[in-house]
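Student: Please show me how to read the empty space inside a model, and then a helix.

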Amino acid sequence: QTQFIFHSLQAKMSRPVQARRLEGIDKNIWVEFVKLAATYSKVNLGQGFPDFPAPDFLREALARALSGGNHMLHQYTRAFGHPPLVKVLAQFFEKLLGRDLDPMTNVMVTVGAYQALFCCFQALVDEGDEVIIIEPFFDCYEPMVKMAGGTPVFVPLRLNPPKDGKLMSSADWQLDPAELASKFSERTKAIVLNSPNNPLGKVFSRGELGLIAELCVKHDVLCISDEVYEWLVYDGKQHIRIASLPGMWERTVIIGSAGKTFSATGWKVGWVVGPDRLLQHLRTVHQNSVYHCATIAQEAVAQGFQRELMLYGKPESYFVQLPKELQQKRDWLVQSLDGVGMKPIIPEGTYFLVADISPFKSDVPDVPNSDEPYDSRFAKWMVKNKGLAAIPLSAFYSEAHKNNYTNFIRFCFAKEEATLKAASDILQKWKQEKTSS
Ligand code: PMP
């Protein structure tokens, strides 16, 4: 009798519990490397977040929202965005895009840019649709497309190294126009554009954006434009919004993040801006999943944007000051990496910098026929043995192309001077040990 019950229980438990759409997407680079950094790192230039405080005006806005007179800020708000936030975002993007926007239908607030991306793929991609992703890419695009039943189609930024012995720049990584065009077909539903690009820091030029736009219009393809680093652009370069190019507004969803914009990644406030014909479907996903994000954080971000709207383009604006400060940090890290022979690729934007690990490779032996790309093993070795955390570049490539770029790691330079100096000290000491051994 007992045996019979046991057998029937076993039979029930042999049924697969995992939904098919989760197959092959269980690994996540951030889960793995954040844990490694927490366990071993003395200096963490891995995951992309500032270790300096969010600006005073934003923290004060949160404090006011928390303990001010309006106790309703502790309760639910409108599903698609707290009214003060969608209103000010609409005003702000009207300025940036030069078109009228309706806060209720052209803007939606999400739980960080991450959920904005999730809403886009769930709402716009069907079984059998292809989605073009430009490599290297922010890693979540691939599993999110797959979870929606779509097929990612990759097109690489190809490196044209500078010939004059100068340091590489993210601008040296370019799309091959014919190769890009060859990826578009009647199956293509969307392309994901990320400018400024994580991990390289590439800021796409007007010419490159024009080419993408032309192909989108020709093939009736949507553009999911991840612009979370829109304010982090250096050397007087300009961030161009693809939605402002002819024929693109109607087919583009712009994604932004207060985490990146106001140096408050833990708040997880993001947004989408776009035409109602696209956003209405994102709203369907949003209302049936998270519904809305924390009211109090939205209120504080709204106040942050109100300040920035008043100071738009002025030297006191955070969107002017932050890139100025980050450019100095970038230049400092570029010099310091160049000094130890870890050739940096100078980023035109974002707060990431990719560098060549070649001079340090002899300390981390290659394992022939390993499934794990060399740079990943290198980054793990570095955090465990030197206490310095960074992210392997191969993490930003598809499975099929991971082994093409295994000579680089990505550093985040949105860090206090002392943190950057500590990272530089580790590398210098390491280099000295190598030369003396
Ligand atoms: N897109 C890109 C390109 C990113 O780098 C990140 C964060 N690292 C996100 C989206 C997610 O942003 P959030 O923290 O607002 O969810």
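Tutor: In this predicted model, β3 (130-135) and β7 (188-194) each supply at least two residues of the lining of the largest cavity. Strands (E, at least two residues) and helices (H or I, at least four) are DSSP runs numbered from the N terminus. Residues are numbered from 1 along each chain. Local features need pLDDT of at least 70, and side-chain atom pairs 80 or more, while totals for linings use all residues; side-chain values use heavy atoms, without hydrogens and water.

Student: Which strand gives the largest share of the lining of the largest cavity?

Tutor: Rolling a probe the size of a water molecule over the atoms shows where empty space is left. A cavity is a set of points on a 1 Å grid where a 1.4 Å probe fits but cannot get out, and lining residues have an atom within 4 Å of a point. Here the largest share, three residues, comes from β7. Ile133, Pro136, Tyr141, Leu193 and Phe204 are among the lining residues.

Student: What volume does the largest cavity have?

Tutor: About 50 Å³, counting the space filled by probe spheres set on the points. The count comes to one cavity of 30 Å³ or more.

Student: Which residues of α3 are buried?

Tutor: An α-helix has 3.6 residues a turn, so residues three or four places apart point the same way. In α3, Phe57, Leu58, Ala61 and Ala65 are buried (under 20% relative accessible area, 1.4 Å probe, protein chains only). The buried residues of α3 fall within an arc of 100° (directions from the helix axis to the C-beta atoms), so they line one face of the helix. On the other side of α3, Leu66 and Ser67 are exposed (over 50%).

Technical notes. 1 Å grid on protein atoms, 1.4 Å probe; cavity = no way out; pocket = protein on both sides within 12 Å on 5 of 7 lines; lining within 4 Å.
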